[in-house]
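Welcome! Please take a moment to look over the sequence and the model, and then we can walk through some of the details together.

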Amino acid sequence: MIENQEAIATKQLVDAVVEGIQEKKGVNITVLDLTSVENTLTSYFVICDGDSNVHVSTIADSVEDYVRKKVADKPFHIEGRENAEWILLDYMDVIVHVFQRPVREFYSLETLWADGERSDIQNLF
């Protein structure tokens with residue numbers, strides 16, 4: 001029962017992250033479900049991209065706001081705010097990666113974590 005409640009809470013967190021990304025027109029949203037992959041540090045990656053340093057920062061801020069309002073959570077750790085080419089928001093069970101497009105293509109996390117179940121979220125515009 002507790003495991004099921006944790007899974008529901010994690011799914012709500014993923015949904016809040018996606019909404020926060022969409023609110024600021026983040027694009028190419030991918031959710032990688034890593035729950036069936038052994039030896040991972042997290043359950044989900046949520047990956048998206050923005051067009052500039054300002055856009056990436058704005059998306060990351062929006063994710064923080066949405067998650068705080070929808071599920072009353074805050075990141076355990078944040079990296080990348082200084083140059084805003086890749087901002088990582090670590091919510092423990094969900095790690096959010098907000099990239100500038102060329103940086104996302106270079107690191108290609110979707111390829112590195114191809115064992116996870118991939119869901120691509122359609123762009124809203």
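## An enclosed strand

Let us begin with strand E4, residues 86–90. Four of its five residues are buried, so E4 is largely enclosed by the rest of the structure. Keep in mind as you read that this is a predicted model.

## The neighbours of E4

Which way do E3 and E4 run relative to one another, parallel or antiparallel? Strand E3, residues 77–79, runs antiparallel to E4, and three bridges join the two. To find one of these contacts, look at glutamate 79, whose bridge partner in E4 is leucine 88. E3 and E4 make a hairpin with six residues between them. In the turn of that hairpin you will find glycine 80, which has a positive phi of about 95°.

On to the next pairing, with strand E5, residues 94–100. E4 and E5 pair in the antiparallel sense, over five bridges. Leucine 88 appears here too, standing opposite histidine 97 in E5. E4 and E5 also form a hairpin, with three residues between the strands. In this hairpin, methionine 92 takes a positive phi near 70°.

As background for viewing these strands, side chains in a regular strand alternate between the two faces of the sheet.

## Two loop residues with positive phi

Two loop residues are worth a visit as well. Lysine 25 has a phi near 60°, a positive value in a residue other than glycine. You can find lysine 25 in the loop between helix H1 (2–23) and strand E1 (27–33).

Asparagine 39 is not a glycine either, yet it has a positive phi of about 60°. Asparagine 39 sits in the loop between E1 and strand E2 (44–50). Is asparagine 39 buried or exposed? With a relative accessible area of 77%, asparagine 39 is exposed, because exposed means over 50%.

## Aromatic rings

How many aromatic pairs are there? The count comes to four. In one of them, the ring centres of tryptophan 86 and phenylalanine 99 are 4.6 Å apart and the planes meet at 35°, so this pair is tilted. Tryptophan 86 belongs to strand E4 and phenylalanine 99 to strand E5, so the pair ties together parts that are 13 residues apart in sequence. Tryptophan 86 is partly exposed, with a relative accessible area of 26%, whereas phenylalanine 99, at 1% relative accessibility, counts as buried.

Phenylalanine 106 and tyrosine 107 form an aromatic pair that is edge-to-face, with 5.0 Å from centre to centre and 90° between the planes. Phenylalanine 106 counts as exposed at 65% relative accessibility, and tyrosine 107 counts as partly exposed at 39%. Put the names together and a wider group appears: Trp86, Phe99, Phe106 and Tyr107 form one aromatic cluster.

## Salt bridges

Side chains of opposite charge can pair when their charged atoms come close. A search of the whole structure finds 10 salt bridges, and a few of them make good stops on our tour.

Start with aspartate 65 and arginine 68, whose side chains meet in a salt bridge at 2.7 Å, N to O. Where do these two residues lie? Both are in helix H2 (residues 53–71), three residues apart, which is about one turn of the helix. Aspartate 65 is partly exposed, with a relative accessible area of 30%, and arginine 68 is partly exposed too, with 47%.

Next come aspartate 120 and arginine 118, joined by a salt bridge between their side chains at 3.0 Å, N to O. Aspartate 120 counts as exposed at 52% relative accessibility, while arginine 118 counts as partly exposed at 47%.

## A network of charges

The last stop is the salt bridge between the side chains of glutamate 110 and arginine 104, at 2.4 Å, N to O. Are glutamate 110 and arginine 104 buried or exposed? Both are buried.

Glutamate 110 and arginine 104 also belong to a network of salt bridges. Its linked members are Asp49, Asp51, Arg101, Arg104 and Glu110.

How values were computed:
Residues numbered from 1 in each chain as written. Predicted model: local features only at pLDDT ≥ 70, side-chain atom pairs only at ≥ 80, totals over all residues. Heavy atoms only, no water. Buried < 20%, exposed > 50% of the residue type's maximum accessible area, 1.4 Å probe, protein only. Pairing = 2+ DSSP bridges. Phe/Tyr/Trp six-rings, centres within 6.5 Å; stacked < 30°, edge-to-face > 60°. Salt bridge = Lys/Arg side-chain N within 4 Å of Asp/Glu carboxyl O.
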